[in-house]
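Biologist: Before I look at the model, could you show me how to read its empty spaces and its packing?

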Amino acid sequence: MAQLLFFYLAGVIVLTAILVVGLRNPIYSVLSLLIMFFHVAGLYVSLHAEFLAAVQIIVYAGAILVLYLFVVMLLNVKREDRYHYQFPIGALLGVAILTEAVVLAIQRGYSEDVVPSPPTSELSFTGNTEAIGESLFTTYLLPFEIASLILLVAMIGAIILAKKDILTR
Amino acid sequence: MFEVGVKIAVSLTQISIVMGVVLLTVMFLTLAERKVIGWMQDRMGPMEVGPYGILQPIADGLKLFFKEDIIPSGANKYLFTLAPIIALVAALVGFAVIPFGPNMRVDVFGVQVQPFVISDINIGILYILAFTSIGAYGIILGGWASNSKYSLLGGLRAAAQLISYELNVGLAIVGVLLLAGSLSLVKITEDQCCWIWNWFWLAVPRGGGVPIPQILAFVVFVISAVAETNRLPFDLPEAESELVAGFFTEYSGMRFAFFFLAEYANMILVSCIAAALFLGGWNAPAPFLQFHGSLEHLAWLSGIMWFAVKVYFFLFLFFWIRATLPRLRYDQLMRFGWKVMLPIALGNIVVTAIAAYFFPR
C-alpha cells in the first residue's frame with residue numbers, strides 16, 4: 001500500500017515536472033507545477049512530515065506560484081517558443097544525469113525498502129512541528145540564521161535593483 | 001475491515017452534515033445580508049418572495065440554476081470551467097478541521113470518534129491556511145480564462161491582494177499559537193477554557209498570572225480576513241464601479257453560483273477560525289452559562305450554541321462593515337496592508353514571544 005502510494009506520487013511528480021518545461025502555454029506550465037507541489041506535499045505526508053507538507057503548500061503553491069502566475073498573466077505571453085530552442089542542450093544534460101542516476105542505482109544494488117520508514121526515534125513522539133523547531137534552533141541554528149540573512153540580502157538587493165533612483169537622490 | 005468501514009461511514013456522515021449546515025448558512029446569509037443592509041440603510045430589503053422575503057434565497061438559487069451557461073468566445077474553456085470549482089473546493093475543505101463543539105469521544109460500534117470535528121489533525125490551522133491560499137487560484141484563473149479586460153484586471157488585483165493579506169492573517173495567529181503551544185484547533189480551543197478573560201483576546205492564564213492579550217492580533221486578523229474574503233471595503237477584485245464585476249464578469253449560471261458560494265463559505269470559514277482562535281470557540285463566557293448539573297450530558301449542545309453565536313457575530317460584523325465603510329483605493333489598500341497591518345502583526349509576535357518566555361503558561 002505504502003509502495004503503491006509512493007509510486008503514484010513519484011510518477012505524477014516526474015510527469016508534471018516534465019510537463020512544466022514541455023508545455024507551450026506558460027499558464028499550463030504553472031498549473032502543472034502546482035499539481036507537482038501538491039504531490040510533493042503528499043510525499044511529505046506519507047513520510048509523516050505533516051508540518052513540512054503544509055508549509056510546502058502555503059509557501060510554494062500559495063505564495064510563490066501565485067506570483068509566477070501573476071507575472072505570466074501580466075506579460076500576457078500566449079506562447080513562449082524562445083526557450084524551446086534549448087532542447088538539444090537540455091537533452092544532453094538530461095541524458096548525462098540519467099546515466100549517472102542509473103549507474104548509481106546499479107552500484108547500490110536493488111533494495112526492497114523503497115519507501116524510507118518513518119523515524120522511530122523520540123522525535124516522532126513529540127510531534128514533527130516541535131521536532132523541526134527544536135532542531136532548527138539548536139543543532140542547525142547557524143545554518144538557519146545564515147539562510148535568513150541570505151534571504152534578507154536578496155530582498156534588499158531586489159529593492160535596490162527596482163528602485164535605482166533612491167541611491168542617486 | 002469492519003472498523004475501517006465504520007470510520008468511513010462516520011466521516012461521511014460528519015462531512016455531509018457539515019456541508020449541509022454550511023450550505024444552508026450560505027442560503028440564509030444571502031438573505032440576511034440584504035435584509036441587514038436594507039435595515040441599516042432604512043430600506044426593507046427583499047419583500048416579494050414569501051412573507052418578508054424569506055424565500056428569496058430559493059428563488060435566487062432556482063434562477064441561477066436555470067440560467068443559460070455562457071462561455072465567452074476566446075475564453076479558455078477548460079480553465080474557465082475549472083476556476084469556480086477550485087474556488088469552491090478550496091473554501092469548503094477548510095471546514096474539515098474546525099471544532100464545532102466540545103472535544104469528546106463517542107463510541108460507535110467499538111470505534112472511538114470525535115463527533116464535533118471531522119478530523120483533528122495536529123497541523124489544523126496550517127491546513128486551513130494552505131487551502132485558503134489555493135482559493136486564490138480559482139479567482140486568478142477565472143479572471144485570466146475569461147478573455148476579458150475587466151476580468152483580467154480583477155484577477156490581477158485579487159492575486160496581489162490575497163498575497164499581501166494572507167501574510168497578515170498568518171502572522172496574526174502566530175501569537176495565539178505561541179500561547180497555546182499547538183497548531184491543532186481542538187487543543188487551542190481547549191486551552192481557552194472557562195471564563196471570558198481566559199479566551200486568547202485577553203489571554204489570562206487559567207490559574208491566574210500575567211495576561212498576554214492578543215487583542216491587536218485579533219483586530220489585525222479580522223481586518224485581514226475581510227480583505228482575504230474580498231468583502232467591502234476591500235472588494236477591489238470585484239469593484240463594480242471600476243471593473244463591472246471584476247474576475248467573474250463573464251460568468252453566469254451555475255459557474256457564477258460556485259464563485260458566490262465560495263465567497264460566502266470563505267466568510268463562514270474565517271468567522272469560525274476567528275471564533276476558535278480568539279473568542280474561545282465553543283467555550284461559554286462563564287462556566288455557569290454552559291449546561292451543567294443535571295443537564296451535564298447536554299453540555300455539548302450549549303457548546304455548539306456558543307460557537308454558533310460567535311460565528312454569527314462575525315458574520316454580522318461583515319455586513320456591518322459593508323454597510324458602513326466606503327471602498328478603499330487600490331494604493332491605499334496595499335499601503336495599509338504592508339505599512340500598517342504587517343508591522344503591528346510582527347510587533348505582536350515579538351512582544352508575545354518575549355512575554356511568553358518570561359511568563360510561561
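Modeller: What follows goes through pockets, a cavity, the nonpolar core and one threonine of this predicted model.

Biologist: How does one look for empty space in a model, and how much space lies in the largest pocket?

Modeller: Rolling a probe the size of a water molecule over the atoms shows where empty space is left. In this model the largest pocket holds about 2400 Å³ of space, and among the 41 residues that line it, F51(A), V55(A), L126(B), L171(B) and V174(B) lie nearest its centre. Two or more lining residues come from each of α3 (50-75), α6 (128-137) and α7 (141-162) of chain A, and likewise from α4 (124-145), α5 (149-172), α6 (174-180) and α12 (330-358) of chain B.

Biologist: Which element gives the largest share of that lining, and how is the lining of the largest pocket divided by class?

Modeller: The largest share, eight residues, is supplied by α3(A), while the classes come to 28 nonpolar, 10 polar and three charged residues.

Biologist: What lines the second largest pocket?

Modeller: That pocket, with about 1100 Å³ of space, has a lining of 40 residues, of which T30(B), L64(B), F256(B), F260(B) and Y264(B) lie nearest its centre. In chain B, α1 (2-40), α2 (56-66), α10 (253-278) and α11 (299-324) are the elements that give two or more residues to the lining of this second largest pocket. Its lining comprises 21 nonpolar, seven polar and 12 charged residues.

Biologist: How many cavities of 30 Å³ or more are found, and which residues lie nearest the centre of the largest cavity?

Modeller: A search of the whole structure gives four such cavities, and the largest cavity has a volume of about 260 Å³. Its lining consists of 20 residues, with G135(B), I139(B), E228(B), N230(B) and N266(B) nearest the centre, and it divides into 12 nonpolar, five polar and three charged residues.

Biologist: Turning to packing, which residues have the most contacts inside the largest nonpolar core?

Modeller: Within that core of 126 residues, they are F95(B), I98(B) and Y137(B). Leaving aside neighbours within four places in sequence, Y137(B) is in contact with residues that include L34(A), A61(A) and L65(A), as well as I86(B) and G142(B).

Biologist: Is T189(B) buried or exposed?

Modeller: Because its relative accessible area is 1%, T189(B) counts as buried. This residue lies in helix α7 (residues 185-190) of chain B, and its side chain reaches the backbone oxygen of L185(B) at 2.6 Å. Beyond its neighbours within four places in sequence, T189(B) is in contact with P99(B), A276(B), G280(B), G281(B), W282(B) and N283(B).

Note on methods
Residues are numbered from 1 along each chain as its sequence is written. Chains are lettered from A and ligands numbered from 1 in the order in which they are written. This is a predicted model: local features need pLDDT of at least 70, side-chain atom pairs count only at pLDDT 80 or more; totals for chains, interfaces and linings use all residues. Side-chain values use heavy atoms; hydrogens and water are left out. Helices (H or I, at least four residues) and strands (E, at least two) are DSSP runs, numbered from the N terminus. Buried means under 20% relative accessible area, exposed over 50%, partly exposed in between (1.4 Å probe, protein chains only). A polar contact is a pair of N or O atoms within 3.5 Å; within protein, one must be able to donate a hydrogen and the other to accept it, and residues adjacent in sequence count only if both atoms are side-chain atoms. Contact means heavy atoms within 4.5 Å. A nonpolar core is a set of buried Ala, Val, Leu, Ile, Met, Phe, Trp, Tyr and Cys residues joined through side-chain atoms within 4.5 Å. On a 1 Å grid over the protein atoms alone, a cavity is a set of points where a 1.4 Å probe fits but cannot get out, and a pocket is an open set with protein on both sides within 12 Å along at least five of seven lines; lining residues have an atom within 4 Å of a point. Grid points are joined across faces, edges and corners, and a volume is the space filled by probe spheres set on the points. Ala, Val, Leu, Ile, Met, Phe, Trp, Tyr, Cys and Pro count as nonpolar, Asp, Glu, Lys and Arg as charged, and the others, Gly among them, as polar.
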